Each structure stands twice: as structure tokens, then as C-alpha cells.
Amino acid sequence: MPPSTQSSEHSSLHRAHRRYGIVRTAAFVFAGLLLLLIVAGAAVRLWMGRAMHESLPQTAGSLHIAGLSAPVKVDRDSHGIPHIVAANVDDLVLAQGFVTAQDRLWQMDMLRRHVTGRLAEVLGSSQLEHDRTQRYLQMRESAQRALAGLSPEEQRYLQRYADGVNDAIAADGDHLPAEFRALNYTPEKWTALDSLLVVYAMIQDLTTEYPYKLSREAVEAILNRETDGGHMPGELAGDLYPVGSFRDHPPQAGTGLANKPTQGNLPAHFDDDSQAQLAAPQRLNDLLQQNEVLAASVGSLRCEGCTSGSNNWAVSGAHTATGKPLVSNDPHLGLTVPGIWYTANLEAGNFHVTGAAIPGIPFIVVGHNAHVAWGFTNSYADVQDLYVERIEGDQYRSADGALHPIIHQQQQIVVKRGSTEHIDIQLTEHGGVQTPILSPLYPNERRAVALRWSIYDPAAMGFPLFQINSAASGVELLEAMKSYGSPAQNLVWGDDAGHIGYHLVGRVPLRGPNGESGLSPVPVNTGTYEWTGYIPFDDLPQVTDPTGGVVATANARVSPDNPVYPVALDWAAPYRNERIWTVLQAAPNGATGLKLDDMQKLQNDTYSALDKMVAEHVVYGVDHARAPSKRDRMAADILRKWDGHVAADAVAPNLTEAVRLALMQMLLEPHLHDNWKLYQWGESAYAEELLIQNQPPRWLPAEFTDWNELLTAALDRGMKDSHAPADLHGWTWGSSHRLELSHPVFGSMAALRLLTGTPTTGAQPMSGNQFTVRAFKGHQSASMRFTADLADPTHATLSLPMGESGNPASAWFMDQWAGWYRGLQQALPYSSGISGTQTLMLEP
């Protein structure tokens, strides 16, 4: 072999050996890194698992805690629900704070941080916009004023609860909930103010109306600038913003309201130039962006239909098998992990109450005692107004024309691993109450717009939960409610004497002398719509023992047809409420009357009158369209056979939802253009129903010859936008509408769930939508389901979506999920002296 050939072969072998060495080295390095990752992952899982298990509370044996005057017994049943028995109410409330903090301390800490704008301290700069908004809204400052104005008894119970929470923090020592370790911070002591702040978090979610007033103002400004279209000024706005509907059923009235759309309501001083400013693209973009920031605090801003609502009803003994009232309630709030509610059974001497509490707040919010059961839905009462201030330098003119200095409040927002932000909050006063100017939250807002909110008035913030829980009759319950402040709610109740009733409770402002100014759905000028007090309790919508034997609310209109004092303009869509009344009024009387199982069935009802109506009109539209596609006809055939139930295995509701969403955009875009998403109204679905039913020519887009062609095009566009498959028969509601609940820290990513071993519900197909009694939209659904039988208080039921504990390592973290998902009832403990699976004695 020639030398050159030998040399070439030698070089080739050398290169091959070298490549082999590189590959082998890389393989060793990769294997080493993989092993290192596995070891690190195992170490993290071991560390987090250990942290979670170490932070599990002591639930058996005995513990000495400060502040008790006598021993307290805590029995926990198989679901971890505590039955707390104390010698007196003061010890009971302290023990409730202790036990709740054992299970929910991190959730409670995040709630107070959320509402006061202190999330960035522990979560970083991603929360800066949220915190800035919360600071401008003055949540802490108004809560401080409210706390000082509470009765001595109310303050004492808040402090006793805080003492119990702090006892739990002290008992945890170095074994605080694992979230604190993961985020590397420790909780501050709990205070009476913190409990009130938890109430304020709920108030914010349920009563925030001002973003919709700003959005409506912008929408009307755009519509009013239209110079053609063949319609009268205000007609389009009137179509979009109905107040009440023919489907309404106020509790104290037997008939609905023939729809009377409101006309545009822009303040008179807004000339053409002012309307042009309101419709400026930069300002409209500000509105959309700020709505996204507020979505963390206000459920209705999270998505179309994500409204914080609820169902409740009471049925008299004339309609029940036992001859005594039945009371049901299922609040529809954002589903969180852990959940909003905490079940507790509280007993001290003659005081005994059970039901759903809110972590951070003493006593029971929804539940029953031996004589009375009660539940709430959001009333949608308008307790906010926006005032356009008259600013001159660093002064403003009040309603009487006098000049006053603007109040300046300096605040600092601490940001984890970031720079501290300094903000100057400017405040005016209306009626002696400080009102923040929110304009800095909207960089392109050229006016000084101040917010007045009932929570800013300390006189409007009563908190009589002990009196509510102690009521021995419906009459005593209503008496207790007279001092209740906020959020304004629809109370439904029943008592063991056989009475039932409804009453709107809470402070609802009067605008103008004797309330004659009514309500405004848009910002107003200072000096107009000024508050002059609150609607007297006895003049709020109410009824006791109605002749029909039924009271029910579901966030729809509760005012009678011609109220002396209007409470709201923007109600929720009427369909859930209408369905509840229809079912209950058809119930038989006597021994064959309603039972607990019937209440469960109604809470799980999935019929949607709106979607059934849409289906019928789409079928007609396709049948009469000039050239519908094969796919259009397939969809129409599916809709033609549908029974109107939004079941997980049904295809039709996917089609009706797709049509509704596409149609609304197609109707709004010709008028609002890229700003069509600014249209937000509680009864927007009903507005769309009227447009579909009445088919007014002024709303028909120019490219369509009639509404049949429009509805068929909306079907096409909706299926395309929703990515519907070619064969529609497998496109079920449940396949595209799923719910997954997971821990906000340890379950936020699949890798974290794997590393920490945190359980999750998985993405489960859901039945129902925002128009069905079994409501579901996004993460909004029944945050608990409650029913009480006044014939026997031990027969009540209450189910939670997850469980009592916020600790993923606990057996009570998500043990109630399966039953809640299936819509089953779970017994609500009440019997005295019941033996728990675990017993803890709290000793002085």
C-alpha cells in the first residue's frame, strides 16, 4: 500500500476516534446534566413535599393558645369541616380565626395584599399596574375609616378573630405554609383592619361599575357622531342599553316589564369637540387596557359573560313535602384554589350557626341556625358615580362653586427585585367624603374624573354578622340587616315558623334632593347627581310571604315596574331568573311537593332560553337564505333537533354561542369599528335577543340584503372563528368548554405540578353557560351550593368545588371536587355533640 494511502487511512481513523471521543464526552456530559436535573428535581420535590407536610395543621390532641378564657373543642369530620364548640362567643370567634388560618393562611394574606395593592412586594413587577390601580382606589384608606366607625361589638369580634389568626401564625413557627417559603417572605400579623379588607375585596368584585360608565360614554360619543344611517340620534344607544326586560320577574311583582330602552345620556356640556375627545383612539385604548388590569379584581371584566352573579330562592311550606320552607343559594364567583368559601359549624351556648364563611372574616356569611336560613345574590345596585371636576390650578370647584385645595396623598409601591414607585394621588371631596381622581390611570384622559363609591363613606359600612347569625326569625334577620352596609345584596330567607321573604339590603345612594336625580350610566358634571343620603331600608325592594309562595333572584331586575327609588340601570341577563321562577311555580303542593333533591336538580339545570331562541332563528335564517353551504345546513339540522339544554355532550350550544359572538361583532363593527369591544352591558345578551327578534333595518350591515343572510353569515363566521371541525357532530360543548383548577403557585405550570406533586382537577368538560341555572363561563361558576330545610336544620347541604384546606398535601385539599363536579349534595354538619374523625382541644 502506498505511503500516501496509509497516511490517509491513518488520518481517517484518527478523525473517527476523535469524533467518537467527542460524542462519548458529550454523551457523558448530557447524562451527567440529566442526572443532575433528575437529582435536583427530586431534591426540589422532596423539599417542597416536606415543606407542605410540615405545614399541615395539628388537628388532634391539644394546643395551648393565647387569649382563651376556657377550653374550645374542635371536631373535624371526614371532609375536615370544623365544628367549633366554645364556652362563649368571644372564644368561639378567636378559635374560628385560629382554625381558618390553619387551613387558609396564605390565601388570607394574598387577599389583603391584593386589595391594598401590595402584591408587587412578593410577586414582582408583573403586579405593578394592579397595585397602582388599587392604591388609586383607596381601599386601605376607606377601610381604615370604616373600621373606626364600626360599633364596639363589631370591632371586638374583628379583633378576637385577628388574635386567633396570630395564634395560628405563632403556632406554625418555622412551618408556615409552603407558599411563604416558595415566595421567600413571612406574613405580617393579622389585624382587625385586614378582616375588613377581605370584605372590601368582595365589595370590589361585586360593585365595580365605573369602567362600564366610561366605556358607555365612549360608545355613545362614537354613535352620536354618526351623521347617516337613517336612524334618530340615540336610537342605536337605546337598542344597546336596555333596562329591564319582558322576561323579568321581580320578587315582589307578578309581571315583567315591557322593554323600554333608555336613550343616550351624555352630560349636556359635551359638545361635538368634547365627543371627539371622548372618541379619540388613544383614549379608547386606555379604557381597554385599564379594563384588563381591573380584570384581576372584577370577575365581570375577565371575559364576555364572566359576571359575578348567583342564584337564590326560598319556597314556602305550601310547595314542599315537609310543609316547611326550603332555601337555596349558589353564588357564581370566580373559582380559585383554594376556594372563596370555608365551611364551618360554630357553637357557643345558645349561639349555633353553620354554613359558608369567608377566610379572613368571622362568623358565617351564607347558612342557617336553628330557626332561619338565608342566602345572597348580587343586587347590581349602582353605588358608584364618576364626577368630571372643575380644576383651576391646584384647586377644584365643589358643587356650590366654592374653590377648595386638591388633597395630595403620597404613596410608595415596593417592588420585589425592582425600583420602588412613588405616586401622587389627588383627591377631591363630595358630600364630605374624599373621592380619588382616577384620570392618571388613563394617560390620555384630559379631564379630572373623580370616583365616588359608597365604601368611601364610613357611615355606610355596617358589619352585623353576629346579629345576622343570631336571628331567631325572619323578622329578627331583617332587623339585623338594617345596619348592614356593603355590598348591596339580594337577601332571600326562610324561617321555621313557615315564613319566607326577600329584601334588597345594603346602602344604596340617593342622588339629588329626595333621590329625584335618578341614576346616570355615564360620568356627570360636579354639582349634578350629588348624593344626599341613602335609600331608606323600608323603601328598598322587598316582599314577605308572597301569595305565590316563592321568592327568587338571579341578578336580574328586582325593582318593581315604577320604583320610587331606582337602584340600578344595568342588571344581569334575565334568563337564569326566568328559568328558576318557571320551575318553582310549576311545583306541586302538599306531600308531593318539593324536596331537597328537587333543589339539587334545579341548581344543576342547564336549559338556556336565549340559546334556544338563537337556534330557532338561525334555523329559519339558513332555511330561507339564498345559497347556504352544506355545512350551514348541517348546523341547522343539529340546531333543529336540540332541546335547549347546554349539556357537555351537546353540539348545538357551541353553534349558538359561535353565532352570538360573531353576530354581535358584525353588528357593532360598522358603527364602533375597532372599538366594538368597549360595548359592555349586563343585559347585552338581551339586547342581542331583541335585535334578532325584531331585526331592525338600522342595524342590518350594508353588505346584507336581509337578516336571514346576516344570520347565516354569522353562523359561517362563528364556526370559522371558533375553529369548528368539518364534521360538526363531534364538536360537543364539553370538548371546547373545560374547567381546570390548580394551585396558583405549585400548580401554575405542568413542570411545577410534577416537581411538587401538586394535584389538579385536570381539564374537565363542563355543562351550562352564563344563561343557565347551572352557570359556567371561563372560571366563573357555583363557588358553593347550599340548601337548607327548615323542617330539620340537620338536613342542610353545602358543597365546595375543592375542599377546606389550601395545602396540596392535605387530604382535604380537593376531596369535594368530584361531588361538586357531578352536582351532588353534601351534608352540612350541624348536630350538637357530633363526634369528629379528629378532635383538637384548644386550651387557654
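In the predicted model, helix α2 (residues 89-116) lies across six strands, namely β1, β2 (72-76), β3 (82-86), β6 (342-348), β7 (351-357) and β31. Relative to β6, helix α2 runs at about 155 degrees. With angles over 145 degrees counted as roughly antiparallel, this orientation places α2 roughly antiparallel to β6.

The strands beneath this description belong to an open sheet of 11 strands with mixed pairing. Their order is β1-β31-β2-β3-β6-β7-β8-β9-β18-β19-β23. The edges are formed by β1 (61-64) and β23 (542-544); each has a single partner strand, so one side of each is left without a neighbour in the sheet. From one strand to the next, the twist averages 20 degrees. At the β1 edge, the partner is strand β31 (residues 838-843), which is joined to β1 by four bridges and runs parallel to β1. Within this pair, Leu63 stands opposite Leu842 of β31.

A further set of strand pairings involves β4 (residues 309-315). Strand β4 is joined to β5 (residues 326-334) by seven bridges, and the two strands run antiparallel. In this pairing, Asn312 is placed opposite Asn329 of β5. Strand β4 is also joined to β24 (residues 550-553), in this case by four bridges and again in an antiparallel arrangement. Here Val315 has Val550 of β24 as its bridge partner.

Strand β4 is mostly covered, with seven of its seven residues buried. In a regular strand the side chains alternate between the two faces of the sheet. In β4, Gly309, Asn311, Trp313 and Val315 point one way, whereas Ser310, Asn312 and Ala314 point the other way. The residues pointing in either direction are all buried. Asn312 and Val315, for which bridge partners are given above, thus point opposite ways from β4.

Helix packing was examined for α4 (residues 128-136) and α12 (residues 281-294), whose axes come within 9 Å and cross at roughly 90 degrees. Because of this crossing angle, α4 is roughly perpendicular to α12. On the α4 side, the contact is made by Glu129, His130 and Thr133, and on the α12 side by Gln290, Val293 and Leu294. By residue class, the contact of α4 with α12 comprises two nonpolar, three polar and one charged residue. The nonpolar residues are Val293 and Leu294 of α12, and the charged residue is Glu129 of α4.

Notes
Residues numbered from 1 in each chain as written. Predicted model: local features only at pLDDT ≥ 70, side-chain atom pairs only at ≥ 80, totals over all residues. Heavy atoms only, no water. Buried < 20%, exposed > 50% of the residue type's maximum accessible area, 1.4 Å probe, protein only. Pairing = 2+ DSSP bridges. Axes fitted to C-alpha atoms, helices over the stretch in contact; angles between N-to-C directions. Parallel < 35°, antiparallel > 145°, perpendicular 65-115°, else oblique. Contact = heavy atoms within 4.5 Å.
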